[in-house]
Amino acid sequence: MKIGLQIPRFTWPGGDAAIAGTLADIARTADAAGFASIWVMDHFFQLEPMMGRATEPMLEGYSTLSYLAGLTQRVRLGTLVTGIIYRYPGFLIKAVTNLDVLSGGRAYFGVGAAWYDREAAGLGFPFPPLKARFEQLEETLRLAHHMWRPSGGEPFHGEHMRLAEPLCSPQPISRPHPPILIGGMGEKKTLRLVAEYADACNLFARYDDDVLRQKLDALRGHCEAVGRPYEAIEKTTLATVHLAPGHLSAGDVVEQCRRLAALGIDHAIFNMPNVHEIAPLETFGRDIIPAAAQM
C-alpha cells in the first residue's frame with residue numbers, strides 16, 4: 001500500500017507571512033519520508049464548518065502544486081479534487097499538463113462535480129444544477145483524453161463546450177497521460193465515470209467496511225459493464241489522523257492501513273491537523289510507510 005498526504009489547511013503559527021516557509025518544510029519532509037503523493041484541496045474558501053471558518057487562509061490549488069513541484073523530487077502531486085466549475089475545461093487540462101511537464105511527470109488529474117456553493121456564489125462562479133455539473137464533468141473527462149492524444153488539435157464538440165482547436169503542447173511527460181482520479185462515492189454516476197474514463201477513485205475512509213465494500217463492488221460492476229479490468233483502477237481513500245500523545249499512535253494508523261488494504265485499497269491518503277509540527281511526518285516515514293509497503 002502507498003501512503004499519501006493531503007494538506008487541506010494553511011492556518012499555521014506565524015500567520016499568512018509564514019505559510020510559504022511552513023508549506024515548504026512540510027513538502028520537503030514528506031518527500032524525504034517516502035510519501036507517494038501530496039494533495040491539496042481545490043477550494044478558494046476554507047470549508048465551513050467542517051474544516052474551520054471560511055475566512056481562514058486557502059491557497060489556490062494549481063499555483064500551490066507548482067510551488068510544491070519545485071520543492072520536491074519524487075512525490076506525485078494533485079488536487080483532491082478540482083471542482084469542474086472552477087476553470088474552463090481546456091484551460092484546466094492545460095494547467096494539469098503544465099504541472100506534469102514541470103514536475104517531470106508527477107501530476108495527477110483529480111476532478112469532481114463540485115459541491116461548495118458558498119464559494120461559487122461568493123466569487124461569482126456559475127453553479128449549475130447537479131445534473132448539468134455531471135454532464136460537464138463527463139465532457140471534461142472526454143476532452144482530457146482528446147487533448148492528451150499526440151495528434152491533438154482536432155475540434156471537440158460537446159453539449160456544454162465547443163473547442164475549435166484544443167491544442168495541448170507540450171504533451172504530458174506521464175505516459176500515456178497523468179492519472180485521472182475522480183473523487184466521490186456515488187454508485188450510479190461517479191463510479192461509472194471512474195470505470196469509463198479514470199485511472200483512480202477516491203473514497204472516504206471514515207465509512208465502515210460494509211459501505212466501502214459496497215462502493216468497490218459497484219465500481220467492479222461498472223468495470224465489467226464497460227469491459228475494463230477492475231484491477232486497472234487505483235483505489236484511494238482519504239482520512240484524518242492526529243498523531244500525538246492522547247490521540248492516535250503510529251500503531252493505530254498501521255491498523256487503519258491494514259484494514260483498508262484488506263478491502264483492496266491501494267493508496268491511503270491522510271491529512272493531519274498538526275502536520276505543521278513536522279514530527280507527525282517523520283513518524284509516518286519511520287513507522288507507518290514501511291509497514292504499509294508490506295501490505
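Is Glu56 buried or exposed? In the predicted model, Glu56 has a relative accessible area of 9% and is buried, since the cut-off for that class is under 20%. Its partner Arg53 is exposed, at a relative accessible area of 53%. The two side chains form a salt bridge, with an N to O distance of 3.8 Å. This contact belongs to a network of salt bridges that links Arg9, Arg53 and Glu56.

In total, 16 salt bridges were counted in the structure. One of them pairs Arg118 with Glu48, where the closest N and O atoms lie 3.3 Å apart. Arg118 is located in helix H4 (residues 117-123), whereas Glu48 sits in the loop between strand S2 (37-42) and helix H2 (61-71), so the salt bridge ties together parts that are 70 residues apart in sequence. Arg118 is partly exposed, with a relative accessibility of 42%. Glu48 is likewise partly exposed, with a relative accessibility of 35%.

A further salt bridge joins the side chains of Lys131 and Glu135, with an N to O distance of 2.5 Å. Both residues belong to helix H5 (residues 130-147), where they are four residues apart, or about one turn of the helix. Lys131 is exposed, at 57% relative accessibility, because the cut-off for that class is over 50%. Glu135, at 30% relative accessibility, is partly exposed.

Methods:
Residues are numbered from 1 along each chain as its sequence is written. This is a predicted model: local features need pLDDT of at least 70, side-chain atom pairs count only at pLDDT 80 or more; totals for chains, interfaces and linings use all residues. Side-chain values use heavy atoms; hydrogens and water are left out. A salt bridge is a side-chain nitrogen of Lys or Arg within 4 Å of a carboxyl oxygen of Asp or Glu. Helices (H or I, at least four residues) and strands (E, at least two) are DSSP runs, numbered from the N terminus. Buried means under 20% relative accessible area, exposed over 50%, partly exposed in between (1.4 Å probe, protein chains only).
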